[in-house]
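Hello,

Here is the structure I promised to hand over. Please open it first, then read my notes below.

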Amino acid sequence: MRRQDPRPRIKRGPDSSYGTRPYAHLREEFETLLQAQLQAGGFPDRRDAQIQRLKAEIDSLRERLTHRDQTIADLSAFKTQALSRLAAQHEEIQRLRRQDDHSNRVRRLVSRSPSTGPCS
């Protein structure tokens, strides 16, 4: 045997009365706004909304990718310049050492290891 629902049934439609529910006025307001929105051509297709959202996301990702590519190019140029400077400094140091070796005015000091210090 089926149990009967103790709640009263409320008719829904243009001739129904919503006076028995505490939030009936909210329902009426919602339905009025819904009808107005439908008549105004609202509620775009979900697929169209998703397509628009995905296009915006693609544009954002492309912009980020372009920014990263520029950053990588800048850092690569900086790396090349830094390596060139280091190589030039190394060459200058080598040149100065060779020049020093040819000069008799400068005497090289014998380097002592830590175990053969002046007090040992």
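R27 and E31 sit four residues apart in helix α1, which covers residues 24-39, so about one helical turn separates them. Their side chains meet in a salt bridge, with N to O at 3.1 Å. Both partners are partly exposed: R27 has a relative accessibility of 29%, and E31 has a relative accessible area of 28%. Keep in mind throughout that this is a predicted model.

Why can residues at such a spacing face each other? An α-helix has 3.6 residues a turn, so residues three or four places apart point the same way. Side chains of opposite charge can then pair when their charged atoms come close.

Now the rest of α1. How does the span of its 16 residues agree with 1.5 Å a residue? The expected value is 22 Å, and the end C-alpha atoms of α1 are 23 Å apart, which agrees. After α1 comes G41, with a positive phi near 85°.

Next, helix α2. This helix runs over residues 46-102, and R53 and E57 lie in it four residues apart, so they too are separated by about one helical turn. R53 and E57 form a salt bridge, and their closest N and O atoms are 3.8 Å apart. The cut-off is 4 Å, so this pair counts. R53 is partly exposed at 48% relative accessibility. E57 is partly exposed as well, with a relative accessible area of 40%.

Another pair belongs to α2. E92 and R95 are three residues apart there, about one turn of the helix. Their side chains meet in a salt bridge at 2.6 Å, N to O. E92 is partly exposed, at 37% relative accessibility. R95 is partly exposed, also at 37%.

How many salt bridges does the count come to? The count is three. They are R27 with E31, R53 with E57, and E92 with R95.

Finally, the chain as a whole. Which elements does it have, helices or strands? The chain has two helices and zero strands. Of its 120 residues, 3% count as buried. Buried here means under 20% relative accessible area, so R27 at 29% does not fall in that group. E31, at 28%, does not either, because it is above that cut-off. The chain exposes about 12400 Å². Carbon and sulfur atoms supply 55% of that area.

When you look at the model, start with R27 and E31 in α1. Then move along α2 to R53 and E57, and on to E92 and R95.

Best wishes

Notes: Residues are numbered from 1 along each chain as its sequence is written. This is a predicted model: local features need pLDDT of at least 70, side-chain atom pairs count only at pLDDT 80 or more; totals for chains, interfaces and linings use all residues. Side-chain values use heavy atoms; hydrogens and water are left out. Buried means under 20% relative accessible area, exposed over 50%, partly exposed in between (1.4 Å probe, protein chains only). Accessible areas come from the Shrake-Rupley method with a 1.4 Å probe; for residues, only the protein chains shown count as cover. The expected span of a helix is 1.5 Å times one less than its number of residues.
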